[in-house]
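Here is a note for a colleague who is opening this structure for the first time. Please keep the model on screen while reading.

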Amino acid sequence: MNYNSFFSSKLANLKQEGSYRVFAQIARRQGAFPKATNHGHQSRQGTTVWCSNDYLGMGQHPKVIQAMEGTLAKYGAGAGGTRNISGTSPLHVTLERELADLHDKEAALMFTSGYVANDAVLSTLAKALPDCVVFSDEKNHASMIEGIRRARVTKHIFKHNDANDLANLLSKYDKNQPKIAAFESVYSMDGDIAPIAELCDVAEQYGALTYLDEVHGVGLYGYKGGGIAQQRELCDRISIIQGTFGKAIGLIGGYIAANATLVDFIRSFSPGFIFTTSMPPVIVAGVIESIRILKEGDLLRKQHQDRVQLLKVKLKQAQIPFYDGGSHLVPVIVGDAVLCKQVCDILMEKYAIYVQPINYPTVPKGTERLRLAPTPLHTPEMIDHLVGALSEIWIELFLKKAA
């Protein structure tokens, strides 16, 4: 077989469809977020970032940076090994206590990423529980899908955010048979929010564990940033809450929070945890500081929601089509992969605005989009500049406006 010919053919198909991913060389500027430098441009022009997952700018917070600098000088760069061998410092223990408190749970366990946490925990749980059946929302993240797939257990996909469909599927099994219902709080591509209470009602009725991915809710909702479940006072009804440090917390890593026995079980039996090098103390220190800042008060969260609402109002006034799922994520719909990339290219070259196109397979064909993520640090002037640029591009490319 001509391997390179096969690979080249597949890549050529991606490019023809407009789905080939090009990584922009964007360097964030310390203390200047959302401003960044576009290293892919000859002049290394400045640009405004509108698609970062650092939803509150915590990756640029001076107290977070200060905590990391001090820890780097004290502990060095790496962790030294897995948690069992030499990778557990007092900081790791402190962070897991902070995470448990953040979600009003007994215990927590950190992983190297949110993806790894979902994959490792779901595969370990579903494989270990005898005759386990997993019920997964049809729009769950790829990491959840992969974890469930690797468990090689019976699984069912229920209609998105549909508690009745979940109930119909669960009702076909004995209440005493182990079951897991897995869903997210905020779905990142549409920005919609799950009916968590209704899903919990159904899961409790049929004896299923609940697994909630809160990665797009952590830090942004709840009285101390514990997410949508905390905002709706539902943390005690969720068996396992999974989160990340890579979004509103502003760094990297993932975790789960649950009762102490369940967390200890995952710690003791999950290969994805046991055999992975530990998070470096310098990262852990930054995460601790970020979480403590977010627990202290709602100011950043309120400022964030103000900017989100302002952007939505401006887009509506300009008749730019977008989904309003009730969250902080604002998907602007283009509906064509080639045009979607073209919009992003024009935004960068002409208006110094960076947004990455979201195409298939991340979203269904025909729903290609820009996913805007306003932060408290995006000023009203930046919002006006963005909406004005989109309005001009919509006319230039003859794109369909909202009614």
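The points below go from the whole chain to single residues.

1. **Basis.** This is a predicted model, in which local features need pLDDT of at least 70 and side-chain atom pairs count only at pLDDT 80 or more, while totals for chains, interfaces and linings use all residues. Residues are numbered from 1 along each chain as its sequence is written, and side-chain values use heavy atoms, with hydrogens and water left out.

2. **Overall form.** The chain has 403 residues and a radius of gyration of 22 Å, which agrees with the value near 22 Å for a compact globule of that length. That radius is taken over C-alpha atoms, and the globule rule is 2.2 Å times the number of residues to the power 0.38. The C-alpha trace spans about 60 × 55 × 55 Å along its principal axes. Of the 403 residues, 54% count as buried. Buried means under 20% relative accessible area, exposed means over 50%, and partly exposed lies in between (1.4 Å probe, protein chains only).

3. **Elements and contacts.** The chain holds 14 helices and 14 strands. Both are DSSP runs numbered from the N terminus: helices are H or I with at least four residues, strands are E with at least two. Contact means heavy atoms within 4.5 Å. Among contacts between residues at least 6 apart in sequence, 73% join residues at least 24 apart.

4. **A four-strand sheet.** One open sheet has 4 strands in the order β1-β2-β3-β12, with mixed pairing. Its edge strands are β1 (26-28) and β12 (353-354), and each pairs on one side only. Two strands pair if DSSP finds at least two bridges between them. β3 (residues 46-49) and β12 are parallel, over 2 bridges. Thr 48 has Ile 353 of β12 as its bridge partner.

5. **A three-strand sheet.** Another open sheet runs β11-β14-β13, with antiparallel pairing. β11 (330-333) and β13 (357-358) each have a single partner strand, so one side of each is left without a neighbour in the sheet. β13 joins β14 (residues 369-372) through 2 bridges. There, Ile 358 stands opposite Arg 369.

6. **Strand β9.** Is β9 mostly covered or mostly open? Covered: 5 of the 5 residues in β9 (residues 240-244) are buried. Ile 240, Gln 242 and Thr 244 lie on one side, with Ile 241 and Gly 243 on the other. β9 pairs with β8 (residues 209-213) in the parallel sense over 3 bridges. Leu 212 has Ile 241 as its bridge partner in β9. With β10 (residues 254-258), β9 runs antiparallel and shares 4 bridges. Thr 244 is matched there with Gly 254.

7. **Nonpolar cores.** A nonpolar core is a set of buried Ala, Val, Leu, Ile, Met, Phe, Trp, Tyr and Cys residues joined through side-chain atoms within 4.5 Å. The largest has 61 residues, and those with the most contacts inside it include Leu 95, Phe 245 and Val 287. Helix α11 (residues 281-296) gives the most to this core, with 9 residues. Apart from it lies another core, of 34 residues, among them Trp 50 and Leu 315. Phe 245 touches Leu 95, Met 110, Tyr 255 and Val 287, among others, not counting residues up to four places away in sequence.

8. **Helix α4.** This helix (residues 114-128) has 15 residues and reaches 21 Å from its first C-alpha to its last, close to the 21 Å expected at 1.5 Å a residue. The expected span is 1.5 Å times one less than the number of residues. Of the 15 residues in α4, 11 are buried. Among them are Asn 118, Asp 119 and Leu 122. At the start of α4, a side-chain oxygen of Ser 113 comes to within 3.3 Å of the backbone nitrogen of Tyr 115.

9. **Gln 230.** What does the side chain of Gln 230 join in a polar contact? Its partner is the side chain of Asp 104, at 3.2 Å. A polar contact is a pair of N or O atoms within 3.5 Å; within protein, one must be able to donate a hydrogen and the other to accept it, and residues adjacent in sequence count only if both atoms are side-chain atoms. A polar atom of the Gln 230 side chain also lies 2.9 Å from the backbone nitrogen of Gly 226. Gln 230 sits in helix α8 (residues 228-231). Gln 230 is buried, with a relative accessible area of 5%. Gln 230 touches residues including His 103, Tyr 221 and Cys 235.
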